[in-house]
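Visitor: Could you take me through a close look at a single part of this model, with the cut-offs spelled out as you go? I would like to see how that part sits within the whole.

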Amino acid sequence: MAIDHADIDIAPFIDHSLLIPTATLQQVQQWCEEADRFGFAAVCINPTYVQQAAEFLHGKNPKVCTVIGFPTGAVTTATKLYEAQEAVENGAKELDLVINLGWLKSGETEKMHREIAEICAETGQPVKVILETTLLTDTEKRLAAEIAMDAGAQFLKTSTGWNGGATVDDVRLLKELAKDRVGIKASGGIRTVEQALDLIVAGATRLGTSNGVALLRQRSNPKQQE
């Protein structure tokens, strides 16, 4: 049965993201206020602002999410683990973890599995594993997704947004692989309501975007998309 786009409320899918290197505390506060006002799922911010975001959102519904090993995933496991544990201590309720793509490409999948599993186990918070799908073959996407799920990830995330973004085809592939065992986060390059809706229909359960407020305004005034 086809899903009518008009029936989809996109706000609860949105991780309101502010991951630019020039982000200020004032912008973080604005993002938190917007997430609360519009009913977004989470605010996704750089680790340096987690404690402040947790204070801004105390007692409110949106979760505080941060990124680990961002954007390359090429730091050591010990560094990622420390970063993740500190983020949780500071109030993060979700962690978006960039995988080590070099390990995946060179077949060092045991290291990759061990790293994800350790961070999932030691932090006790939902981990969204960023696969960076634009840099992978379909075979590598399948392998990375299976490793992430086996290691305890609660979401498969398409992209950091630094090397291209989410596609409907990649979301469909991850949805097929997940078999509803984990969530799917589409991230990167989501600028129009139609893109957002197409990704949700394809299987995304979260949308990582810095354009959340603009998307809602487009929805209420379709002429803004023209």
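Visitor: How many helices and strands does the secondary structure of the protein come to? And with that as background, what lines the largest pocket?

Guide: Happy to. This is a predicted model, in which local features need pLDDT of at least 70 and side-chain atom pairs count only at pLDDT 80 or more, while totals for chains, interfaces and linings use all residues. Residues are numbered from 1 along each chain as its sequence is written, and side-chain values use heavy atoms, with hydrogens and water left out.

To your count: the secondary structure comes to 9 helices and 8 strands. Here helices (H or I, at least four residues) and strands (E, at least two) are DSSP runs, numbered from the N terminus. The C-alpha atoms fill a box of roughly 50 × 40 × 30 Å along the principal axes. The radius of gyration is 17 Å, which agrees with the value near 17 Å for a compact globule of 226 residues; this radius is taken over C-alpha atoms, and the globule rule is 2.2 Å times the number of residues to the power 0.38. Of the 226 residues, 50% are buried, where buried means under 20% relative accessible area, exposed over 50%, and partly exposed in between (1.4 Å probe, protein chains only).

Now the part you asked about. A pocket, on a 1 Å grid over the protein atoms alone, is an open set of points where a 1.4 Å probe fits, with protein on both sides within 12 Å along at least five of seven lines, and lining residues have an atom within 4 Å of a point. The largest pocket has a volume of about 370 Å³; grid points are joined across faces, edges and corners, and the volume is the space filled by probe spheres set on the points. Its lining counts 20 residues, and those nearest the centre are Thr160, Gly161, Gly188, Gly189 and Ser210. Two elements give two or more residues to this lining, β1 (14-18) and β8 (206-209). By class, the lining has 6 nonpolar, 12 polar and 2 charged residues, with Ala, Val, Leu, Ile, Met, Phe, Trp, Tyr, Cys and Pro taken as nonpolar, Asp, Glu, Lys and Arg as charged, and the others, Gly among them, as polar.

From Gly188, one of the residues nearest the pocket centre, we can step to Glu132: the two are 56 residues apart in sequence and 10.0 Å apart in space, C-alpha to C-alpha. Glu132 lies in the loop between β5 and α6 (138-150) and is buried at 2% relative accessibility. Its phi is positive, about 55 degrees, although Glu132 is not a glycine. Lys179 also has a positive phi, near 50 degrees, in a residue other than glycine, but Lys179 is exposed, with a relative accessible area of 61%. It belongs to the loop between α7 and β7 (183-187). Back in strand β5 (residues 127-130) we find Ile130, which is buried at 0%.

Aromatic rings come next. Rings of Phe, Tyr and Trp (its six-membered ring) pair if their centres lie within 6.5 Å; planes under 30 degrees apart count as stacked, over 60 as edge-to-face and the rest as tilted. That rule gives 2 aromatic pairs. In the pair of Phe70 and Trp162, the ring centres are 5.8 Å apart and the planes stand at 90 degrees, so the pair is edge-to-face. The two rings join distant parts of the chain, 92 residues apart: Phe70 is in the loop between β3 (63-68) and α3 (77-89), and Trp162 in the loop between β6 (155-157) and α7 (168-178). Trp162 is partly exposed, at 49% relative accessibility. Phe70 also begins a cis peptide bond, with omega near 0 degrees, that leads to Pro71, a residue of the loop between β3 and α3.

One more ring contact: Lys128 lies over the face of Phe155, at 5.6 Å from the ring centre. The rule asks that NZ of Lys or CZ of Arg be within 6 Å of the ring centre and within 35 degrees of the ring normal.
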